[in-house]
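User: I want the reasoning behind the labels, not just the labels. Please take me through burial and salt bridges.

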Amino acid sequence: MPAPPPRVAVVGTGVIGAMTAWHLAARGAEVLAFDAYGPGHDRGASAGESRIFRTAYKEGASYVPLLRRSYELWRRLETESDRDLLTLCGGLTLGPPDHPDLRAVRRSAAEHGLDIEVLDAAEAGRRFPQHRLDDDEIAVLDRQAGVLRPEPAVQAALARAQELGAQLLPYHPVTGIDERSGGGWRIRTPRATYDADHVVLSPGPWTGSFERLAGLPLRGRRITAAWFAARDIAAHRPDRLPIAIRRHRDAGFSCFPVLDGTAVKIVPHHLAWPDADAPEDLPRGADAEFAQAASAAVARLLPGLVPHPVRIGVYAEASSADEHALLGPLPGARDATLLAGFSGHGFKLAPVFGEIAASLVTEGKSPYDIAFLDPARFTA
Ligand SMILES: Cc1cc2nc3c(=O)[nH]c(=O)nc-3n(C[C@H](O)[C@H](O)[C@H](O)COP(=O)(O)OP(=O)(O)OC[C@H]3O[C@@H](n4cnc5c(N)ncnc54)[C@H](O)[C@@H]3O)c2cc1C
């Protein structure tokens with residue numbers, strides 16, 4: 001007789017837990033998916049209208065096979081859920097040619113035969129006048145890049161998981177996870193307790209509220225986004241404005257085209273990302289200092305935008321000591337998988353990370369080389 005399917009508790013269903021629940025349910029696992037809030041909420045890391053997808057990856061060439069698989073899975077989720085989640089509008093990395101990020105993008109593209117185009121300042125200015133470049137700067141265009149829709153993506157993955165049999169438990173904050181003496185886990189919430197054979201921990205920036213994760217080098221941090229009105233909205237939509245990562249001697253930011261509204265979003269990288277160990281306590285607006293610094297960068301580098309923010313969004317994200325995720329067995333525990341510390345670049349990879357987590361739970365191994373993400377690198 002075949003073994004019964006494992007009962008798996010997924011704790012935290014931002015994009016990472018949602019994708020894990022989808023893949024687990026597709027493999028026939030009995031999934032309990034807990035979250036303190038509702039699907040697609042804006043308190044954690046998986047909100048804010050848009051996310052970058054790119055394949056020419058400055059964070060390291062080891063990510064490229066994972067990104068390729070993630071791309072396939074984004075398309076699969078779109079088909080299964082009948083929703084548009086990823087628009088391939090291309091991606092620009094702009095800045096001085098010797099900036100480490102521009103060098104890394106070109107190296108990653110060369111190693112993996114990716115389709116990129118390198119534009120000098122004059123050519124970039126002709127094709128993408130939305131950006132102002134200094135004469136000695138360049139732009140690298142990655143055609144396999146685009147913009148993801150975070151809230152619909154979380155909702156689509158959870159809806160699909162539910163269709164495949166997962167039990168969704170929104171508004172169920174988990175107050176404790178205890179190893180049972182006979183094996184497996186007991187999950188405590190204010191309403192009830194639940195037993196599971198395996199626990200997947202994907203709590204985003206709330207890692208600090210789990211005693212089990214104390215000792216791992218994870219820290220919550222606050223990332224602020226600002227939206228600026230476009231003077232010519234049509235020129236700033238995805239068909240004319242790729243997503244962009246801007247590096248400049250005075251500023252750095254990611255930049256997202258107008259999607260539903262009238263404004264371009266930027267996420268400044270040159271301003272501090274302060275600690276945010278209690279995401280509930282985040283201020284919901286930004287101080288004048290942030291607004292002025294972001295405005296100065298826009299005035300200098302994005303001439304088609306009115307350089308005063310019309311909207312500010314404050315989010316929390318967990319980062320790790322080496323800025324790579326912790327994905328693998330939870331150190332010191334049995335039948336527990338950790339997915340945490342995505343360090344500002346986890347969204348695009350969420351579908352493949354969820355697939356890997358489901359493989360770890362159901363087969364005890366990953367189909368991809370993820371040794372560089374193993375949480376045990378910090379405890380060995
Ligand atoms: C502003 C910003 C911009 C970013 N830009 C990009 C980008 O362009 N491209 C990219 O690839 N990545 C980007 N990232 C990173 C990416 O968005 C994150 O890595 C990703 O969303 C992390 O998802 P998560 O599921 O781990 O966390 P979250 O989305 O925070 O999910 C964690 C979930 O756990 C739940 N939870 C926590 N504790 C409990 C508990 N005790 N009980 C029940 N539920 C609990 C929370 O309610 C939450 O829903 C960005 C991040 C931010 C913040």
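Analyst: R249 is exposed, with a relative accessible area of 64%. This is a predicted model: local features need pLDDT of at least 70, side-chain atom pairs count only at pLDDT 80 or more, and totals for chains, interfaces and linings use all residues. Residues are numbered from 1 along each chain as its sequence is written, and side-chain values use heavy atoms, with hydrogens and water left out.

User: Why is R249 called exposed?

Analyst: Buried means under 20% relative accessible area, exposed over 50%, and partly exposed in between (1.4 Å probe, protein chains only). R249 has 64%, so it is exposed.

User: What makes R249 and D134 a salt bridge?

Analyst: The term needs a side-chain nitrogen of Lys or Arg within 4 Å of a carboxyl oxygen of Asp or Glu. The closest N and O atoms of R249 and D134 are 2.8 Å apart, so the pair counts. R249 sits in the loop between β15 (243-247) and β16 (252-256), and D134 in the loop between α4 and β7 (138-142), so the bridge ties together parts 115 residues apart in sequence. Helices (H or I, at least four residues) and strands (E, at least two) are DSSP runs, numbered from the N terminus.

User: Is D134 buried or exposed?

Analyst: D134 is buried, at 15% relative accessible area.

User: How do you know that R246 and E137 form a salt bridge?

Analyst: Their closest N and O atoms are 2.8 Å apart, so they meet the cut-off. R246 is in strand β15 and E137 in the loop between α4 and β7, so this pair ties together parts 109 residues apart in sequence. R246 counts as buried at 0% relative accessibility. E137 counts as buried at 2%.

User: Which residues are joined into one network by salt bridges that share partners?

Analyst: D115, E117, E123, R126, R127 and R143. Within it, the side chains of R126 and E123 meet at 3.0 Å, N to O. Both lie in helix α4 (residues 121-127), 3 residues apart, about one turn of the helix. The structure holds 25 salt bridges.

User: Why is E123 called partly exposed?

Analyst: E123 has a relative accessible area of 25%, which falls between the two cut-offs, so the label is partly exposed. R126 has 60%, so R126 is exposed.

User: What makes H172 buried?

Analyst: H172 has a relative accessible area of 8%, so it passes the under-20% test. H172 is placed in the loop between β9 (167-169) and β10 (176-179). Contact means heavy atoms within 4.5 Å. Leaving out residues up to four places away in sequence, H172 touches F34, D35, A36, T189, R191 and Y194.
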